[in-house]
Amino acid sequence: MGSALVVAVVKYGLLALLWVFVLLTVRTIRADLFGTPPKPAAPPLAGKAPKPVKTPKPVRKKGTARRLVVTEGSLQGTTVTLADAPVTLGRAHDSTLVLTDDYASNKHARLVPTADGWSLEDLGSTNGTYLGSSKVSRPTAVPVGTPIRIGKTVMELRP
């Protein structure tokens with residue numbers, strides 16, 4: 001009687017673990033295919049709204065990049081005008097440049113304005129981000145005209 005109970009507990013415990021694994025796998029695949037849903041806006045606080053903090057705009061040198069141009073891939077010819085805000089690259093619907101590339105992650109990479117130009121950061125992508133022929137592993141300055149490759153998509157900064 002005792003051994004039959006142990007066998008039943010082990011059997012149902014393994015079945016429960018299997019279902020947890022299946023559900024986590026489905027959730028991961030769903031998030032990878034469709035992205036994560038946008039977060040709802042926070043409810044307004046009672047009373048006065050806090051005063052926004054002004055951040056100084058980076059002063060860039062003359063001749064730095066003003067556009068991000070896709071030179072290869074399914075979005076070839078697409079141009080993004082660069083401002084003073086970071087540019088996110090990936091398959092997620094809230095990315096600045098939404099990549100329709102099977103080798104791109106949802107949140108793949110980010111271009112960040114700096115005082116000297118632009119810096120490229122990989123956001124923990126699966127297949128990596130390349131600047132020229134080098135894999136980006138930390139924030140790296142991006143010279144104008146140097147190819148940035150994410151999967152089959154190649155882009156570059158232009159003045």
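Here are three short exercises on this structure, which is a predicted model.

**Exercise 1: the sheet**

Work out the order of the five strands in the open sheet, then find which strands sit at its edges.

*Solution.* Start with the order: the strands line up as β4-β3-β5-β6-β9, and their pairing is mixed. Next, look for strands that pair on one side only: these are β4 (97–98) and β9 (140–141), so they are the edge strands by the rule that two strands pair if there are at least two bridges between them. Now zoom in on one end. Strand β6 (residues 118–122) runs antiparallel to β9, and two bridges join them. To spot one of the bridge pairs, find Ser-119: its partner in β9 is Ala-141.

**Exercise 2: Ala-109**

Decide whether Ala-109 is buried or exposed, and list what it touches beyond its sequence neighbours.

*Solution.* First, place the residue: Ala-109 belongs to strand β5 (residues 109–113). Then check its relative accessibility, which is 0%, so Ala-109 counts as buried. Skip the neighbours within four places in sequence, and you'll find Ala-109 in contact with Val-87, Thr-88, Leu-89, Leu-120, Glu-121, Asp-122, Leu-123, Thr-129 and Ile-150. Pick Leu-120 from that list: it's 11 residues from Ala-109 along the chain, with 7.2 Å between their C-alpha atoms.

**Exercise 3: Trp-19**

Find out whether Trp-19 is buried or exposed, and which surface patch it helps make.

*Solution.* Begin with helix α1 (residues 2–34), where Trp-19 is found. Its relative accessibility is 51%, and the cut-off for exposed is over 50%, so Trp-19 counts as exposed. Finally, look at the surface: Trp-19 joins Tyr-12, Leu-15, Leu-18, Phe-21, Val-22, Leu-23 and Val-26 in a nonpolar patch of about 850 Å².

Terms used
Residues are numbered from 1 along each chain as its sequence is written. This is a predicted model: local features need pLDDT of at least 70, side-chain atom pairs count only at pLDDT 80 or more; totals for chains, interfaces and linings use all residues. Side-chain values use heavy atoms; hydrogens and water are left out. Helices (H or I, at least four residues) and strands (E, at least two) are DSSP runs, numbered from the N terminus. Buried means under 20% relative accessible area, exposed over 50%, partly exposed in between (1.4 Å probe, protein chains only). Contact means heavy atoms within 4.5 Å. Patches are made of residues with over 30% relative accessible area and no salt bridge: like charges are joined within 9 Å, nonpolar side chains (Val, Leu, Ile, Met, Phe, Trp, Tyr) within 5 Å. Accessible areas come from the Shrake-Rupley method with a 1.4 Å probe; for residues, only the protein chains shown count as cover. A salt bridge is a side-chain nitrogen of Lys or Arg within 4 Å of a carboxyl oxygen of Asp or Glu.
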